[in-house]
Structure formats: structure tokens, C-alpha cells
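This report describes a ligand site, an aromatic pair and two backbone features. The sequence and the structure are shown below.

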Amino acid sequence: MDRIDKIIASQSTNSRKEAQRLIKSGAVFINGEVCKKTDHKVDTEKDVIKVNGQVLNYSKHIYIMMNKPGGVVSATEDKLDKTVLDILPDNMKRNGLFPAGRLDKDTEGLLIITNDGEFAHRMLSPKKHVEKKYIAELDDEITESVIGKFEEGVVFSDGTKCMPAKLELYKNSKKTGLVTICEGKFHQVKKMFAVCGINVVHLKRISIGNLYLDSKLPIGCCKLLTNLDKELIFIGNIH
Ligand code: URA
């Protein structure tokens with residue numbers, strides 16, 4: 001059981017104060033009866049809560065797939081640029097959301113936005129070995145030697161050693177790599193190619209674990225993950 005003001009604030013971008021104002025204004029109904037008590041306790045499993053006539057479908061955690069466009073930053077706030085939270089549709093916005101892992105401003109593709117810290121940690125920790133796949137368009141050709149360096153674990157100029165990574169030609173194009181990594185160092189894919197003397201001209205993440213970016217999801221759009229989608233992130237390689 002939780003306070004109604006807390007529940008309402010947690011499901012929206014309202015502050016607790018704003019939720020309290022809403023309750024006092026008579027906009028909140030519980031099981032068909034108006035509720036003006038801000039500390040009224042509700043059972044989110046059983047009680048039907050309506051706010052402004054709309055049923056509140058309570059969920060503690062929310063998991064969003066975004067097809068991130070270039071030009072927005074993977075942060076919760078930024079003084080200069082639009083963030084991935086700024087471009088969420090209004091019905092998915094709520095307090096406590098953050099991007100689970102960063103894509104560079106110019107990187108596109110699969111980004112998960114959630115308010116579940118434990119889930120994000122499980123997905124991102126290199127120890128958990130969740131594979132992330134990227135398509136990298138390059139300014140030079142991939143050679144056997146580059147593939148070998150990725151396989152051994154690329155070493156950055158500051159001595160940082162990456163975990164072994166897989167590099168394949170994407171659709172047989174020597175200038176497009178399909179890169180699979182299990183970690184997320186800053187600018188990792190770009191730096192791995194840079195060590196090999198190759199520039200990444202376009203980068204897109206296409207999968208996390210076995211969850212693939214929905215090919216029908218337009219750039220800049222979002223959808224909620226199903227329970228199966230969430231499981232796909234963590235189940236062993238089936239591809
Ligand atoms: N590697 C990069 O270099 N950039 C990203 O955005 C993600 C992985």
C-alpha cells in the first residue's frame with residue numbers, strides 16, 4: 001500500500017506537490033469515489049485509480065525502446081542539446097527515467113530508456129556479457145588484420161584493453177562492419193576502429209542481447225518493451 005500522491009507522481013512528470021494539488025482539486029477517483037486525501041493509501045494491484053477521468057495503469061517500472069536519432073544526447077538533461085528524454089512521447093514521460101547506457105550524439109539506433117536501475121546494471125555490466133551489435137560505416141576497408149585485432153582485444157593509446165570483440169563484414173561490404181561487443185567504454189567502437197586507422201562515418205546500434213531494434217520503428221520513435229522483449233535481452237545467443 002502506498003500514498004495516492006506518491007503513486008500519481010511516480011506515473012507522470014508531476015512533482016509530489018503537483019499531484020497533491022490535483023488530488024485536492026477533485027480530479028482523482030479511487031474505485032469510483034472522489035479522493036481528496038493526499039495521504040490516502042491505495043493498493044495498486046486492486047484499486048482502480050482514475051485521474052482526470054483516465055484510468056491510471058500503474059507500473060512501478062517502465063521499459064522503452066527508442067530508435068535514437070542523431071543529434072540528441074543520451075542524458076537526462078543537457079544545457080545545449082536536446083536529450084533522449086526530451087523527445088519521448090508525452091504518454092511515456094515520467095519521473096526517474098534515464099537512458100540505460102549511452103550512445104554518442106551522432107549514433108543512431110537501439111536505446112533502452114527505463115527507471116529500473118537494477119535492470120540497467122544487468123544489461124550494461126561487462127561481467128554480464130550482454131552483447132551489443134553495431135553497424136559501422138567506415139571510410140576504409142576492413143582487412144583480416146583488423147578482424148584479428150578486434151578478436152584479440154583492441155588496446156587504446158592510453159593502454160586501456162578492450163575485451164575481445166567480433167568484427168564481420170555487414171552484407172559483404174568491406175566498408176561496413178558488424179561489430180559485437182560486451183562492454184560500453186566511451187566512444188568504444190569509434191576508438192577501436194581508430195586504433196586500426198579507420199574512421200567510423202556512421203554508427204547504429206541494432207541489438208542488445210537478442211533484442212533487436214524493431215525495423216518498423218521509425219527514427220526518433222519509441223515503443224514499450226513487452227516482457228518477452230525484456231527477456232530477450234538476457235537469454236543466451238540464439239542467433
Ligand atoms: N561506440 C561508439 O563509439 N559510440 C557509440 O555511440 C556506441 C559505441
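## Backbone conformation

H129 lies in the loop that runs between α3 (117-124) and β10 (132-138); helices (H or I, at least four residues) and strands (E, at least two) are DSSP runs numbered from the N terminus. Although H129 is not a glycine, its phi is positive, at about 55°. H187 is placed in the loop between β12 (173-181) and α5. Phi of H187 is likewise a positive value, near 55°, in a residue other than glycine.

The model is predicted: local features need pLDDT of at least 70, side-chain atom pairs count only at pLDDT 80 or more, and totals for chains, interfaces and linings use all residues. Residues are numbered from 1 along each chain as its sequence is written, and side-chain values use heavy atoms, with hydrogens and water left out.

## Ligand shell

The ligand is surrounded by L103, D104, T107, Y134, H187, Q188, V189, K190 and L203, where a residue is near a molecule if one of its heavy atoms lies within 4 Å of it. Helix α5 (residues 188-195) gives the most to this shell, with 3 residues. By class, the shell holds 4 nonpolar, 3 polar and 2 charged residues; Ala, Val, Leu, Ile, Met, Phe, Trp, Tyr, Cys and Pro count as nonpolar, Asp, Glu, Lys and Arg as charged, and the others, Gly among them, as polar.

## Polar contacts and burial

A polar contact is a pair of N or O atoms within 3.5 Å. From T107, a polar side-chain atom lies 2.8 Å from an oxygen atom of the ligand. Backbone N or O atoms also approach ligand oxygen atoms: one of H187 at 3.2 Å and one of K190 at 3.0 Å. Of the 240 Å² of accessible area that the ligand has on its own, the protein covers 97%, with areas taken from the Shrake-Rupley method with a 1.4 Å probe.

## Aromatic pairs

The whole structure contains 3 aromatic pairs, defined for rings of Phe, Tyr and Trp (its six-membered ring) with centres within 6.5 Å; planes under 30 degrees apart count as stacked, over 60 as edge-to-face and the rest as tilted. F150 and F193 form a tilted pair, 4.9 Å centre to centre and with 50° between the planes. This pair links distant parts of the chain, with F150 in helix α4 (residues 144-152) and F193 in helix α5, 43 residues apart.

Key: Polar contact = N/O pair within 3.5 Å; in protein donor to acceptor, adjacent residues only side chain to side chain.
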